[in-house]
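Work through the exercises below with the sequence and the model in view. Try each task before reading its solution.

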Amino acid sequence: MPASNTSIQLPIVDISKSISPSSISSLSLACREWGFFHIINHGISKDLYSKLRLSSNQVFNLPYEAKIKAGPTSNVKTYTPHFIASPFFESLRVSGPDFLASAKNSAEAIMNQPDTEFSEVLKEYGDKMRNLSKKVTDILLMCLGKDFATKFASEFSNCEGYLRINNYSLPEKRVMEKEVEGLGMHTDMSCLTIVYQDDVGGLQVRSKDGKWLDINPCEETLVVNIGDLLHAWSNGKLRSSEHRVVLKECKTRFSLAFFWCFEDNKVISAPNEVVGDEFRHYEPFMCGDYLKFRENSVRGKFEKVGFTVKDFAGI
Ligand SMILES: O=C(O)CCC(=O)C(=O)O
Ligand SMILES: [Fe+2]
């Protein structure tokens, strides 16, 4: 694996204010080049993170036998154990629109009893992420064209989100000769993803010429990246970049990835005004069909990007 020390400077959008035309143009450039940017003043307090991290850690610290009760072969299917995405990665999924019910369901399966605090904190986080995702969608539509946020609002009105709580860990006694992949190269199967990464770092984006660049953590800043669904809807104008997480030291790493997605039965087809005078790069496709395509191919799921939306619907 090539060593990579270069970090990337991405635009920082103050999501609490209306965005200026000059910020829109620098953001547009970043979205076309990297598909990644930062947001600040997002309204998620440090206190909410601490609570979320604490109660998530309580779940991850439970024995494998408990967690696997919500694993891939259970009825609940919200827990991804180690050795699926990587040996160093486990994850718990909490889905909207009812984040409270979804979290309760997992907690009950894992602990045989409801965990009110865990569920309530996840409801608060999920609801806030939903509002943030709507704001970010509007801004991204503005990057595509004047008045597009209003013009195309109805296309996104049935979007919903899910959260993945990610826990990365390396065996303590491991001799770290080189970095390892905590989460292999992939693109996201979302319209957009909002990521909180803790101060350990390790998130990397792949440049168009194949170099890995660090996205350094920055306090009180969230990372936004564009996923395959918005990439296809924008006729490839907004880039869904390959990214991964590398672990350099024997530290645990915690992240929260919120995926904002079209409804399963949405037909994704770039509107003519978005395509403009370019060629169409994607055939229209049903969102749920693409998700199934990715889920059914191990390579497309987490590992190497063998399959993305380009393989599925690219012209
Ligand atoms: O852990 C991270 O920082 C990013 C995770 C990620 O890319 C994903 O869950 O799709
Ligand atoms: Fe991702």
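**Exercise 1. State how much surface the chain exposes and what share carbon and sulfur atoms supply.**

Step 1. The exposed area is about 14700 Å², where accessible areas come from the Shrake-Rupley method with a 1.4 Å probe, and for residues only the protein chains shown count as cover.
Step 2. Carbon and sulfur atoms supply 51% of this area.
Step 3. Note the origin of the values: this is a predicted model, in which local features need pLDDT of at least 70 and side-chain atom pairs count only at pLDDT 80 or more, while totals for chains, interfaces and linings use all residues. Residues are numbered from 1 along each chain as its sequence is written, chains are lettered from A and ligands numbered from 1 in the order in which they are written, and side-chain values use heavy atoms, with hydrogens and water left out.

**Exercise 2. Describe the fold of the chain by its secondary structure, its radius of gyration and its contacts.**

Step 1. Count the elements: there are 11 helices and 14 strands. Helices (H or I, at least four residues) and strands (E, at least two) are DSSP runs, numbered from the N terminus.
Step 2. Compare the radius of gyration, 19 Å, with the 20 Å that the globule rule gives for 315 residues; the two are close, so the chain is as compact as a globular protein of that length. The radius is taken over C-alpha atoms, and the rule is 2.2 Å times the number of residues to the power 0.38.
Step 3. Of the 315 residues, 54% count as buried. Buried means under 20% relative accessible area, exposed over 50%, and partly exposed in between (1.4 Å probe, protein chains only).
Step 4. Among contacts (heavy atoms within 4.5 Å) with a separation of 6 or more, 77% join residues 24 or more positions apart.

**Exercise 3. Which residues coordinate the iron ion (ligand 2), and how are they spaced in sequence?**

Step 1. The coordinating residues are His186 (NE2), Asp188 (OD) and His243 (NE2), at 2.1 to 2.2 Å. Donors are N, O and S atoms within 2.8 Å of the metal (3.2 Å for Na, K and Ca); water is not among the atoms, so sites may look incomplete.
Step 2. The spacing of these donor residues is H-x1-D-x54-H.
Step 3. Asp188 lies in the loop between β6 (180-186) and β7 (192-197), and His243 in strand β11 (residues 243-247), so this pair ties together parts that are 55 residues apart in sequence.
Step 4. Asp188 is buried, with a relative accessible area of 4%, and His243 is buried at 5%.

**Exercise 4. Where do Asn41 and Phe83, each with a positive phi, lie in the chain?**

Step 1. Recall the background: most residues other than glycine have a negative phi, and most peptide bonds are trans.
Step 2. Asn41, with phi about 55°, lies in the loop between β2 (36-40) and α2 (46-60). Asn41 is partly exposed, at 46% relative accessibility.
Step 3. Phe83, with phi about 75°, is in the loop between β3 (79-80) and β4. Phe83 is exposed, at 65%.

**Exercise 5. Is Phe156 buried or exposed, and which residues does Phe156 touch?**

Step 1. Phe156 is in the loop between α6 (148-151) and β5 (160-168).
Step 2. With a relative accessible area of 8%, Phe156 is buried.
Step 3. Not counting residues up to four places away in sequence, Phe156 touches Thr137, Leu141, Cys191, Leu230, Trp233 and Phe262.
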